[in-house]
Amino acid sequence: MTTKRAHRGRRVTLIVVGSVVGVAALGLGAILTVGGIFVPAHYLDPWSASYADEFTDLRMKVVSQAELAPSGHNMQPWTITLDPAEADVLYLYTDASRLTPAVDPLARQTMVSQGTFLQYLRVSAAHLGYRADFELFPEGDYDETDLATAMNSLPVAKITLTPDATASTPDYASLFLSDTNRSPYADTPLSADQQSILTGLAAESGAALQIFTDQRDRTRFGQLGAEGTLIETQYAAATAESDAVFSSTEQAKNDARSGFAVEGQGTSGFMKYFLQGLITVVPSLNDDAAGAKNAIALTDAAVAATPAYGVISTTGNSRAEQVEAGILYADISLRARSLGLVMQPLSQVLQEYPSMAAPYAAIHEEYAPGGQTIQMLVRIGTPTTEYPTSMRRDANTLVHTP
Ligand SMILES: Cc1cc2nc3c(=O)[nH]c(=O)nc-3n(C[C@H](O)[C@H](O)[C@H](O)COP(=O)(O)O)c2cc1C
């Protein structure tokens with residue numbers, strides 16, 4: 001009698017546990033499916049070294065690798081035209097439909113992002129045995145009173161590719177490594193060699209690079225980074241702008257192929273699908289309050305583990321100097337990866353909207369006392385985790401036929 005009851009009790013327990021496990025498995029499966037576990041990630045296609053092989057035109061081969069460059073908000077604000085008369089010439093334009101006016105009201109970061117594209121293109125060309133020469137603003141400067149029209153009609157750069165038997169680059173493999181690493185870095189100081197290799201890259205540049213490793217400076221940059229993040233999260237227009245370019249599913253990422261996604265917080269693999277599924281099913285998990293809390297926590301953890309900061313500045317603040325700053329940023333970022341280092345820009349305190357005015361003035365007073373413009377503030381260090389690669393556009397969509 002007792003044995004029979006015990007048996008039945010065990011069977012009921014098994015059924016209950018089995019049902020709970022089954023429902024949980026079904027729920028997990030549903031969340032992963034919503035998160036896109038079965039959707040092929042075409043938005044990552046350009047990261048394949050063989051992607052360039054899809055193009056026969058040399059200019060498209062280099063464009064398809066130049067677009068791996070980092071850009072503000074990952075907007076990839078690039079348009080190119082291929083010169084119909086000269087097979088070795090192409091033009092880079094700013095895509096005025098890809099601006100982020102809340103965080104970048106003067107389109108300064110957008111111009112820095114033109115420079116990163118040019119440097120990536122230069123490295124790609126060198127790998128193929130070509131020198132890439134840039135003529136900045138070959139048809140004249142932007143009319144600042146009508147920027148959108150100017151961007152669409154005036155090239156940022158004329159790019160000429162010339163066969164060059166001496167062209168070579170130590171940084172080709174770095175093109176294919178994730179650009180921006182937002183995690184805490186190892187407690188390993190930059191060696192004197194690493195510092196002088198990176199600062200040496202500025203010798204030929206129209207921009208300057210300073211690297212800071214002192215505890216006092218690192219604490220100060222950490223404070224500025226944290227303050228900037230806090231102010232940005234309280235600026236509704238900036239939050240709305242980021243929300244508008246955030247894709248929360250694989251399908252949305254395949255459609256957008258630019259902007260932000262969960263990878264930007266270092267999430268990859270199984271967790272990526274799980275998180276994407278969760279925030280699609282329960283959007284409040286990723287609302288502005290949660291996003292702000294997350295951004296502040298990420299920055300606090302990051303700046304607490306940063307052995308060095310880099311400051312890229314220019315004497316003036318012309319459009320050409322902004323592009324030069326971007327060329328230098330991409331140059332040091334690619335070389336850093338070749339040296340086993342990674343970087344993350346901390347741009348908030350350099351942004352030109354009213355609520356950021358105080359820390360903007362403070363960083364310039366303290367670190368650009370000669371009246372220079374600081375174009376980039378970046379964390380530099382040895383990675384503790386590999387960061388996933390982020391969305392990139394189909395290279396064909398960059399081409400504009402006038
Ligand atoms: C001008 C510029 C400003 C940037 N500012 C920031 C920033 O403030 N914080 C950050 O984490 N990443 C920043 N980034 C990195 C971009 O967010 C990143 O390049 C983009 O999301 C693509 O991701 P990936 O670099 O990992 O490929 C910046 C990049 C550029 C070129």
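**View 1. The ligand and the residues around it.** In this predicted model, 19 residues surround the ligand, and the closest are P70, N74, D179, T180 and S347. What is the make-up of this shell: how many residues are nonpolar, polar or charged? Polar residues account for 13 of them, with 4 nonpolar and 2 charged making up the rest.

**View 2. Who supplies the shell.** Helix α3 (108-127) and strand β7 (342-345) each put at least two residues into the shell around the ligand. The top contributor is α3, which gives 4 residues. Zoom out a little and the domains come into view: domain 1 (42-175 + 390-398) and domain 2 (178-381) both give residues to the shell, so the ligand lies between them.

**View 3. Helix α12 and its two sides.** Which residues of α12 (residues 357-367) are buried? They are P359, Y360 and I363. Looking down the axis of α12, these buried residues fall within an arc of 105°, so they line one face of the helix. That face packs against α6 (215-233) and β8 (373-381). Flip to the other side of α12 and you meet the exposed A357, A358, A361 and E365.

**View 4. Stepping back to the protein.** The protein has 12 helices and 8 strands. Its radius of gyration is 24 Å, close to the 21 Å that the globule rule gives for 402 residues, so the protein is as compact as a globular protein of that length. The C-alpha trace spans about 95 × 50 × 45 Å along its principal axes. Of the 402 residues, 40% are buried. Among contacts with a separation of 6 or more, 79% come from residues 24 or more positions apart.

Technical notes: Residues are numbered from 1 along each chain as its sequence is written. This is a predicted model: local features need pLDDT of at least 70, side-chain atom pairs count only at pLDDT 80 or more; totals for chains, interfaces and linings use all residues. The radius of gyration is taken over C-alpha atoms; the globule rule is 2.2 Å times the number of residues to the power 0.38. A residue is buried if 20 or more other C-beta atoms lie within 10 Å of its own, exposed if 12 or fewer, and partly exposed in between; C-beta atoms are placed from the backbone. Two residues are in contact if their C-beta atoms, placed from the backbone, lie within 7 Å. The arc is that of the directions from the helix axis to the C-beta atoms. A residue is near a molecule or strand if its C-beta atom, placed from the backbone, lies within 6 Å of it. Ala, Val, Leu, Ile, Met, Phe, Trp, Tyr, Cys and Pro count as nonpolar, Asp, Glu, Lys and Arg as charged, and the others, Gly among them, as polar. Domain bounds come from an automatic or database domain assignment.
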